[in-house]
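The following exercises concern helix packing, buried loop residues, unusual backbone geometry and a pocket. Each task is followed by a solution in steps.

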Amino acid sequence: MSTVVIQPTGISPADVLAVARGTAKVVLDPATVEAMATSRSIVDGIEAAGRPVYGVSTGFGALANTFVAPERRAELQHALIRSHAAGVGAPMPREVVRAMMLLRVRSLALGRSGVRPLVAEALVDLLNHEVTPWVPEHGSLGASGDLAPLAHCALVLLGEGWVLGPAGDRLPAGDALRRVGLEPVELAAKEGLALINGTDGMLGMLLLAVHDARHLFAMADVTAALAIEAMLGSERPFLPELHAIRPHPGQAASAANIHKLLQNSAVMDSHRDDLAHAVQDAYSMRCAPQVAGAARDTLDFVEVVAGRELLSVVDNPVVLPDGRVESTGNFHGAPLGFAADYLAIAASEVGAIAERRVDRLLDVTRSRELPAFLSPDAGVNSGLMIAQYTAAGIVAENRRLAAPASVDSLPTSGMQEDHVSMGWAATKKLRTVLDNLTSLLAVELLAAVRGLQLRAPLTPSPAGRAALAALGEAIGEPGPDVFLAPLMEAARDVVRGPELRAAIEREVGPLG
């Protein structure tokens with residue numbers, strides 16, 4: 001079990017993954033506690049002076065000009081949390097909620113939010129006791145940050161609202177706190193607003209997506225190479241000198257991977273000197289690194305954006321070291337929304353070109369002597385025909401999901417919040433696109449492995465042999481039709497997990 005220490009300088013993407021998906025414990029560095037205490041003393045001074053400051057002594061949003069008497073300011077913070085916990089729909093996954101809570105702690109720890117250290121410590125206690133708030137999927141517009149989702153998290157600190165039960169059921173938060181020995185928190189001025197005014201849900205989903213996309217884009221090179229090998233494609237379009245003359249770094253990395261994966265293959269050797277072999281392969285084969293490489297470059301941009309947000313103070317108002325409390329727009333999720341939409345477009349195209357290769361593998365007129373639909377007895381048997389139908393349907397869904405959410409602003413709060421980012425929607429649908437990409441690469445892996453089986457007795461590349469070993473037991477040898485869904489699920493597990501890539505890299509060296 002690892003430990004993530006929250007410093008006043010922030011945390012890393014690896015820290016987020018360790019807490020969201022792992023068992024890492026969270027602790028606050030003493031310097032973090034000191035930074036928050038210093039920031040809180042400024043808010044206490046404002047309260048004592050009686051100055052009107054947004055979020056401290058006023059209402060919120062369109063009620064920003066409404067003065068709140070000192071004796072009602074704690075009530076104001078509690079009312080804010082209750083009224084903003086207004087989401088609806090199915091609960092967000094545990095990993096998203098845990099990432100969101102950790103990132104809110106991170107933002108508070110930067111010492112610009114004016115909250116007492118005990119507020120951050122209360123969130124840490126929820127994480128360490130594995131108390132996960134029930135956060136409905138609908139409610140955030142991505143400005144002012146993820147208000148409703150974060151309010152559902154904050155409400156649990158008050159001993160109210162819901163938490164996720166062990167079976168994904170919904171349980172009362174008060175009971176959950178008592179079960180692990182935690183007490184509800186009484187909020188002071190500014191603290192309710194600081195708990196909900198952030199981009200933490202968007203950022204958490206984007207960081208998880210960056211990690212998943214990095215793996216899937218590497219696996220896309222693997223499945224592309226296996227499909228090209230099974231279709232007796234050429235390795236020559238992937239020579240490094242051909243990509244040096246178009247110096248997109250992602251393209252070069254993807255081409256190098258595919259070229260490496262196609263070496264030492266009796267299947268490739270069987271047609272290398274065949275004059276009847278096609279002079280040029282189809283685009284879905286020849287242009288695989290141009291598409292997957294562009295997606296890699298897009299991912300690099302998105303990673304930079306997410307990294308910047310990890311260093312950011314996302315709150316409103318913010319408490320500056322010189323004692324000023326200033327209103328900001330840093331909670332607006334446009335940078336994250338744009339990045340998520342861009343990555344969704346790229347990932348959808350990686351899946352789309354994979355489906356085109358599947359179609360070629362199954363088409364007897366284009367698959368270079370493989371049997372129709374990869375069935376040794378096509379006619380009575382349909383082989384992988386309907387697996388390609390499924391892939392086509394997923395490609396169509398990804399194209400719909402690739403339409404950007406970040407251009408779809410709707411005004412709220414009496415026109416005070418008259419432009420919103422829709423970053424929550426952008427990052428949430430990105431997760432769906434990546435899950436769909438996993439399925440598309442699984443279909444390509446299944447088809448490519450079946451194609452390589454049908455090339456026997458020719459021996460495939462080391463990558464092909466690793467894929468046969470990883471999937472062969474689950475799918476069996478080519479033969480009469482079987483219940484296909486379990487085979488596709490087995491292929492999904494192989495694509496999603498690290499084992500196949502690790503096995504290939506043991507044979508051919510690291511993939512870029």
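**Exercise 1. Helix packing**

Determine how the axes of helix α4 (residues 94-109) and helix α6 (residues 147-157) are arranged, and which residues make the contact.

Solution. The two axes come within 11 Å and cross at roughly 85°. Axes are lines fitted to C-alpha atoms, for helices over the stretch in contact, with angles from 0 to 180 degrees between N-to-C directions. Helices (H or I, at least four residues) and strands (E, at least two) are DSSP runs numbered from the N terminus. The helices α4 and α6 are therefore roughly perpendicular to each other (65 to 115 degrees; under 35 is roughly parallel, over 145 roughly antiparallel, the rest oblique). On the α4 side the contact is made by Val97, Met100, Met101 and Arg104, and on the α6 side by Pro149, Leu150 and Cys153; contact means heavy atoms within 4.5 Å. By class, this contact has six nonpolar residues, no polar ones and one charged residue (nonpolar: Ala, Val, Leu, Ile, Met, Phe, Trp, Tyr, Cys and Pro; charged: Asp, Glu, Lys and Arg; polar: the others, Gly among them).

A note on conventions: this is a predicted model, in which local features need pLDDT of at least 70 and side-chain atom pairs count only at pLDDT 80 or more, while totals for chains, interfaces and linings use all residues. Residues are numbered from 1 along each chain as its sequence is written, and side-chain values use heavy atoms, leaving out hydrogens and water.

**Exercise 2. Loop residues and their surroundings**

Classify Leu384 and Thr199 by accessibility and list their contacts.

Solution. Leu384 is located in the loop between α15 (334-362) and α16 (385-401). Its relative accessibility is 6%, so Leu384 counts as buried (buried: under 20% relative accessible area; exposed: over 50%; partly exposed: in between; 1.4 Å probe, protein chains only). Beyond its neighbours within four places in sequence, Leu384 contacts Leu362, Phe373, Leu374, Leu446, Ala447, Arg450 and Leu484.

Thr199 belongs to the loop between α8 (191-196) and α9. With a relative accessible area of 2%, Thr199 is buried. Residues up to four places away in sequence aside, Thr199 touches Gly145, Asp146, Glu309, Val314, Asn330, Phe331, His332, Gly333 and Leu336.

**Exercise 3. Backbone geometry**

Identify the geometry of the peptide bonds preceding Pro317 and Pro457, and the sign of phi at Leu374 and Ser413.

Solution. Most residues other than glycine have a negative phi, and most peptide bonds are trans. The bond joining Asn316 and Pro317 is cis, with omega about -5°; Pro317 is in the loop between α14 (288-310) and β7 (318-319). The bond from Ala456 to Pro457 is also cis, with omega near 15°, and Pro457 is in the loop between α17 (423-454) and α18 (462-475).

Leu374 has a positive phi near 60°. This residue lies in the loop between α15 and α16 and, at 3% relative accessibility, counts as buried. Ser413 has a positive phi near 55°; Ser413 lies in the loop between α16 and α17 and counts as partly exposed at 29% relative accessibility.

**Exercise 4. The second largest pocket**

State the volume of the second largest pocket and describe its lining.

Solution. The pocket holds about 320 Å³ of space. On a 1 Å grid over the protein atoms alone, a pocket is an open set of points with protein on both sides within 12 Å along at least five of seven lines, whereas a cavity is a set where a 1.4 Å probe fits but cannot get out; lining residues have an atom within 4 Å of a point. Grid points are joined across faces, edges and corners, and the volume is the space filled by probe spheres set on the points. Of the 16 lining residues, the closest to the centre are Arg21, Asp212, Leu216, Thr438 and Arg496. Two or more residues each come from α9 (200-230), α17 and α19 (485-496), and α9 gives the largest share, six residues. The lining divides into five nonpolar, four polar and seven charged residues.
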